[in-house]
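Hi everyone, thanks for making time. Please pull up the sequence and the structure, and we'll walk through them together.

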Amino acid sequence: MKVRGKLILLVCLFLIVHVTTVMSYYVTVLAIRPIDQLEQDGQALSADVTELAKKIEAQGEYEALLRAASGQSREYRVENLQGGLVFTASAAREAGRAVLQLTEAQAFSLNGQSYLLRGTEYITAGRISQNNPAKRAVQAQLILSAVLLSLFSFLFYRLYLRPIERMQREIEEFKRGKLPGHTQRRDELGKLQNALSVLAEDLKKEEQAQTRIVASLSHDIKTPLTSLLGYTEQLQRPDLSRERQIKYARIVHEKSLAIEELVREFDDYMGVKLDKQPDLQNISVKEFLCAVRRDFAGELELEGVRFSLLGEETEGAVAVDMAKMRRVFGNLIGNSVKHSGAQRPLEICVSVCAKDGGFTFRVADNGRGVPTGERDRVFELFYTSDPGRQVAGLGLPICRSIVESHGGEMWGEETPGGGFTAAFSLPCAR
């Protein structure tokens with residue numbers, strides 16, 4: 001059942017319960033005529049019966065007096081002492097519909113004989129209701145409750161259910177490619193609508209990124225694969241010299257390694273995207289930098305790279321997945337080595353400083369650097385500054401994904417004196 005149907009059913013159930021409760025209260029408490037009013041009616045009837053008995057004795061007849069005194073709701077009877085009916089004077093139209101009756105009797109003497117004058121007052125339900133303001137109050141309450149509940153239901157539908165139905169339609173339209181819009185509402189539904197819009201935009205971007213990844217992989221694999229086919233065909237020629245065989249075999253091996261590296265990077269990237277939740281553990285900044293030194297200092301020195309660490313005395317701790325952070329530093333340092341250039345000996349400096357309630361880490365090199373307008377774009381998927389190619393590696397996008405999964409950010413800077421600095425932030429451990 002839809003929410004709108006459930007709302008209508010809930011309103012109907014509420015009305016039924018409310019009406020039943022109010023009517024039960026009215027019937028059991030308010031619908032009974034007040035006792036003091038009944039006592040007043042009884043006293044009036046008793047006084048009338050006594051007065052009529054005196055007049056009968058004084059005037060010596062009763063038929064005319066009783067006919068004049070009877071009315072729509074009152075009846076007078078004259079009975080002998082044996083209980084037999086002597087005379088009835090009544091215009092009691094309401095006797096058959098009466099729910100309550102009051103009776104008073106008075107003896108009188110006429111012509112030496114004794115009689116009993118009995119007066120009866122018939123009270124109908126309509127008469128009780130007419131004289132009972134509680135019924136009108138209950139009716140007014142029921143009408144007011146129905147109006148207020150209808151108004152509440154309308155406002156609830158317009159303010160809450162209708163936006164939910166609109167979001168449901170936008171989700172269906174999103175399946176056909178139309179992005180949901182934003183709203184100016186500031187309540188929970190407005191936040192939900194805007195969150196849905198942002199999520200849809202992110203999914204759209206992710207879909208575009210995946211499409212670009214597939215196209216990029218196809219391009220990067222197709223180019224060396226075409227060369228591989230050409231060189232393998234050449235290797236099958238019987239007249240090919242030994243020297244060319246060795247040369248072509250080496251080229252085939254290099255192209256194969258390029259494809260292997262591309263597939264490995266893609267596998268690493270997908271592994272990071274699919275496993276977004278890091279296995280965090282608290283570690284001091286000092287221990288963190290010591291781990292970086294142990295992992296990379298010896299290997300870099302063997303390759304002739306000057307490696308240094310700054311900020312090892314920084315106090316505090318971070319919550320990190322060490323395996324993933326090793327990949328971050330490995331990719332950043334490897335990127336510096338790959339794009340170092342041959343102008344001067346390569347220097348790589350890893351530093352840390354406390355900032356804005358967290359820590360900022362930097363991996364700086366003195367290589368050929370990156371142009372100002374491209375420093376942040378190098379972290380995009382398959383971005384390359386080479387206009388002849390549409391794609392590049394995935395190492396830096398992997399680093400950004402890992403840092404963002406830790407609640408941090410990554411950006412590019414220029415190294416003082418020349419070179420490129422990859423910087424990223426991490427929050428303090430809680």
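**A first tour**

Let's begin with the overall build: the protein has 10 helices and 11 strands. Do keep in mind that this is a predicted model. The protein has 430 residues, and 36% of them are buried. Its accessible surface comes to about 26,100 Å², and carbon and sulfur atoms account for 54% of that area.

How do the contacts spread along the sequence? If we take contacts between residues at least 6 apart in sequence, 63% of them join residues at least 24 apart.

Now let's zoom in on two residues. Please find threonine 124, which belongs to strand 4, residues 113-124. Is threonine 124 buried or exposed? Its relative accessibility is 3%, so threonine 124 counts as buried, given that the cut-off for buried is under 20%. Threonine 124 also has a partner to look at, leucine 100. The two are 24 residues apart in sequence, and their C-alpha atoms are 6.6 Å apart in space.

Next, move along to tyrosine 160, which you'll find in helix 5, spanning residues 133-175. Tyrosine 160 has a relative accessible area of 38%, so this residue is partly exposed; that label covers values between 20% and 50%.

Which residues join tyrosine 160 in a nonpolar patch on the surface? They are Leu151, Phe154, Leu155 and Leu159. Together with Tyr160, they offer about 470 Å² of accessible area.

So, to recap our two stops: threonine 124 is buried, while tyrosine 160 is partly exposed and belongs to that nonpolar surface patch. Thanks for listening!

How values were computed: Residues numbered from 1 in each chain as written. Predicted model: local features only at pLDDT ≥ 70, side-chain atom pairs only at ≥ 80, totals over all residues. Heavy atoms only, no water. Helix = DSSP H or I, 4+ residues; strand = E, 2+ residues; numbered from the N terminus. Buried < 20%, exposed > 50% of the residue type's maximum accessible area, 1.4 Å probe, protein only. Patch = residues over 30% accessible without salt bridge, like charges linked within 9 Å, V, L, I, M, F, W, Y side chains within 5 Å. Areas by Shrake-Rupley, 256 points an atom, 1.4 Å probe, with all protein chains shown as cover. Salt bridge = Lys/Arg side-chain N within 4 Å of Asp/Glu carboxyl O. Contact = heavy atoms within 4.5 Å.
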